[in-house]
Amino acid sequence: MPLIELRGVSKTYPGSKRGETVHAVRDVDLAVEEGEIVGVVGYSGAGKSTLVRLINALEPATSGSITVAGTEITTLSERRLQRVRRGIGMIFQQFNLFHSRTVYGNVAYPLVVAGVPRDEQHARVVELLTFVGLTDKAHAHPEQLSGGQKQRVGIARALATGPSILLADEATSALDPETTADVLGLLRKVNRELGVTIIVITHEMDVVRSLADRVVVMEDGRVVEQGPAFDLFTRPQHPTTQRFVRTLIDDVPDGPTTEAIRRHHDGRLVTVSFRDESVSQSAVFAEIIRRGVEFELVHGGIEQVGGRAFGHLTLELRGDPGAVSDAVAAVGALVETTEVA
Ligand code: ADP
């Protein structure tokens, strides 16, 4: 049984004009397995944050069914909902720390609310600060911390009551790339060492690439595509997914790029797509070299998704036209190729 399951879930809000209805989430089916990291991507307004508020029962769904750890939450009383919420940690883009409290006080807060005895609180806070690498900042106030450190406090606080689920809403969007990598590393550790199931909401494909096992793409309240991260990156079906993937991985050069390449390269241009690890790059290049055709890499790159390599390389091929055509045909028999006009 999935840890979180949504069936036919919709959420509407009254719009700003009289009689208008905003369909924030439309008929969403989603299953999250225990121990997974799921990335939810979409542009602003796609319904991602609403989806998260439905999962942690901050708002009721308009229709559909949501189960968390086997409990149907759409019909629960407020008191029972509080118990469900205690099993779900949450971190935010703006960290949402209490500025009047120290790092220690922020992390201890959920334990105080839960009525945990003082000595137990202390042991737990020390354990959490050690886990996120902030023991030396226990008595600092949030304004004395860097963005990355603030988010570490956010993560420690979210984990205080030992939740089995962590929801991260654009948790790295306010951070620079290096700090982002740091925080993503910590989230991976939370998942691997504590077994916490994580849902990350983001508009950054790099976050998804480095973290998610599975990806859900939302647009206009709907889930338009979902699947294992590698499949989604290598064979995106929906135009929105394709656009997101292109923000990270160059495929066939676009018009202006082709024009720039053409200023220095008048040979035949072919984009070669590596998606399948059973075909090595050297096998592809050998087909070209064997025919006495010269080649140069003029565009593209190889990325790692879920520990597997994939990407697109655009080659300029030069030599006898017959040999070049043979080489293109031979390469095309091994991997997907696209002729660049
Ligand atoms: P995202 O997180 O993907 O940016 P949201 O879930 O915040 O998207 O919003 C989805 C849609 O629902 C948007 O059109 C937004 O304006 C609308 N919306 C979200 N919350 C409310 C609300 N409390 N009242 C009215 N409309 C809302």
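Tutor: A polar contact is a pair of N or O atoms within 3.5 Å. The model here is predicted.

Student: What makes the pair formed by Arg53 and the ligand a polar contact?

Tutor: A polar side-chain atom of Arg53 is 3.3 Å from a nitrogen atom of the ligand. The cut-off is 3.5 Å, so the pair counts as a polar contact.

Student: Which ligand atom does the side chain of Lys48 approach, and at what distance?

Tutor: An N or O atom in the Lys48 side chain is 2.8 Å from an oxygen atom of the ligand. For Ser49, a side-chain N or O atom is likewise 2.8 Å from a ligand oxygen. Both values are within 3.5 Å, so these pairs are polar contacts too.

Student: How much of the ligand does the protein bury?

Tutor: The ligand alone exposes 560 Å², and the protein buries 62% of that.

Student: Which element gives the most residues to the shell around the ligand?

Tutor: That is α1, with four residues. The elements giving two or more are β2 (21-32) and α1 (48-55). By class, the shell has five nonpolar, five polar and two charged residues.

Student: Away from the ligand, why is Tyr104 called partly exposed?

Tutor: Its relative accessible area is 22%. Buried means under 20% and exposed means over 50%, so Tyr104 falls in between and is partly exposed.

Student: Where is Tyr104, and what does Tyr104 touch?

Tutor: Tyr104 is in helix α3, residues 103-113. Leaving out residues up to four places away in sequence, Tyr104 touches His122, Val125 and Ala138. The C-alpha atoms of Tyr104 and His139 are 6.3 Å apart, with their positions 35 residues apart in sequence numbering.

Notes:
Residues numbered from 1 in each chain as written. Predicted model: local features only at pLDDT ≥ 70, side-chain atom pairs only at ≥ 80, totals over all residues. Heavy atoms only, no water. Buried < 20%, exposed > 50% of the residue type's maximum accessible area, 1.4 Å probe, protein only. Contact = heavy atoms within 4.5 Å. Polar contact = N/O pair within 3.5 Å; in protein donor to acceptor, adjacent residues only side chain to side chain. Areas by Shrake-Rupley, 256 points an atom, 1.4 Å probe, with all protein chains shown as cover. Nonpolar A, V, L, I, M, F, W, Y, C, P; charged D, E, K, R; others polar.
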